[in-house]
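Good morning, colleagues. May I ask you to look at the structure on the screen while I describe two topics, helix packing and salt bridges?

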Amino acid sequence: MKIGILASGNGSNLQAIIDSINKGYLQNAEISIVISDNENAYALKRSKDNNIKNLYINKKEYKTRIEYDTKIVEVLKEEKIELVILAGYLRWISEYFVNEYRGRIMNIHPSLLPSFKGLNAIEKAYNYGVKITGVTVHFVDETEDAGPIILQETIIINENMSLEKLEEEIHKIEHKLYPKAIDLFIKDKLYIENKKVFIRR
Ligand code: GRF
């Protein structure tokens, strides 16, 4: 399956997916292209280092969000991408983009959605004082961090846990959960009914 990854920053989730493919955990998966809206994204360096085609698309060259997304969709179609993975991609996906790839765009979020949507979710959960938080992988629709949930995993926040430790633990979970969700998709085990995701056993 041809996968396109959109990333704006560090790209540790991108790296986890690359490693899962290299280790043979993710089979029948090929990252055909990595696209970034940030010229300096470390994710772009990771793709170069792993000989993966990569592309920086400068938002300043496009007047509207739809024009920008039209360009991205054009590239994804040229590459015959079947699954789009958002891995720390910091731009909203337009309705146009969602419609072109509905049910085939995934995102990972570092909280138990629907709690702590948006940016800095780990810190928000930590400062709120919740005792349990976690990671969510979900399909992307036109709502903010509210598309159908594919997988979630929890972590208990102990009283003496630092924010840095929590961040580290959350990322460890992310790096296992995202490949797992992608694997289920590739094996055609996921289906959506009334906004709920079911896993074929
Ligand atoms: C992750 O915490 C992910 O949940 C969120 O953005 C972060 C991206 O990290 N959507 P990285 O760029 O994959 O290291």
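In which hand, left or right, does α1 pass α6? The crossing of α1 with α6 is right-handed. I should say at once that this is a predicted model.

Let us remain with these two helices. Helix α1 covers residues 12–22 and helix α6 covers residues 163–186. They pack at an angle of about 55°, and their axes are 9 Å apart. The two helices are therefore oblique to each other. On the α1 side, the contact is made by Ser 12, Asn 13, Ala 16, Ile 17 and Ser 20. On the α6 side, Glu 174, His 175, Tyr 178, Pro 179 and Ile 182 take part. By character, the residues of this contact divide into five nonpolar, four polar and one charged.

I turn now to the salt bridges. As a general point, side chains of opposite charge can pair when their charged atoms come close. How many salt bridges does a search of the whole structure find? The search finds eleven, and I shall present three of them in detail.

The pair of Glu 79 and Lys 53 has its closest N and O atoms 2.5 Å apart. Glu 79 sits in the loop between α3 (65–78) and β4 (83–86), and Lys 53 in the loop between α2 (42–49) and β3 (54–56), so this salt bridge ties together parts that are 26 residues apart in sequence. Glu 79 is buried, with a relative accessible area of 16%, whereas Lys 53 is partly exposed at 48%.

Next, Arg 102 and Glu 142 form a salt bridge with an N to O distance of 2.8 Å. Distant parts of the chain are linked here: Arg 102 belongs to the loop between α4 (95–100) and β5 (105–109), and Glu 142 to the loop between β6 (132–139) and β7 (149–156), 40 residues apart. Arg 102 is partly exposed, at 42% relative accessibility, and Glu 142 is partly exposed at 41%.

In the third pair, Lys 195 meets Asp 141 at 3.8 Å, N to O. Since Lys 195 is in the loop between β8 (190–193) and β9 (196–199) and Asp 141 in the loop between β6 and β7, the pair ties together parts that are 54 residues apart in sequence. Is each partner buried or partly exposed? Lys 195 counts as partly exposed, at 46% relative accessibility, while Asp 141 is buried, at 12%.

Finally, Lys 165, Glu 168, Glu 169 and Lys 172 are joined into one network by salt bridges that share partners.

Terms used. Residues are numbered from 1 along each chain as its sequence is written. This is a predicted model: local features need pLDDT of at least 70, side-chain atom pairs count only at pLDDT 80 or more; totals for chains, interfaces and linings use all residues. Side-chain values use heavy atoms; hydrogens and water are left out. Axes are lines fitted to C-alpha atoms, for helices over the stretch in contact, and angles run from 0 to 180 degrees between N-to-C directions. Helices (H or I, at least four residues) and strands (E, at least two) are DSSP runs, numbered from the N terminus. Angles under 35 degrees count as roughly parallel, over 145 as roughly antiparallel, 65 to 115 as roughly perpendicular and the rest as oblique. A crossing is left-handed if the near helix is turned anticlockwise from the far one by less than a right angle, and right-handed if clockwise. Contact means heavy atoms within 4.5 Å. Ala, Val, Leu, Ile, Met, Phe, Trp, Tyr, Cys and Pro count as nonpolar, Asp, Glu, Lys and Arg as charged, and the others, Gly among them, as polar. A salt bridge is a side-chain nitrogen of Lys or Arg within 4 Å of a carboxyl oxygen of Asp or Glu. Buried means under 20% relative accessible area, exposed over 50%, partly exposed in between (1.4 Å probe, protein chains only).
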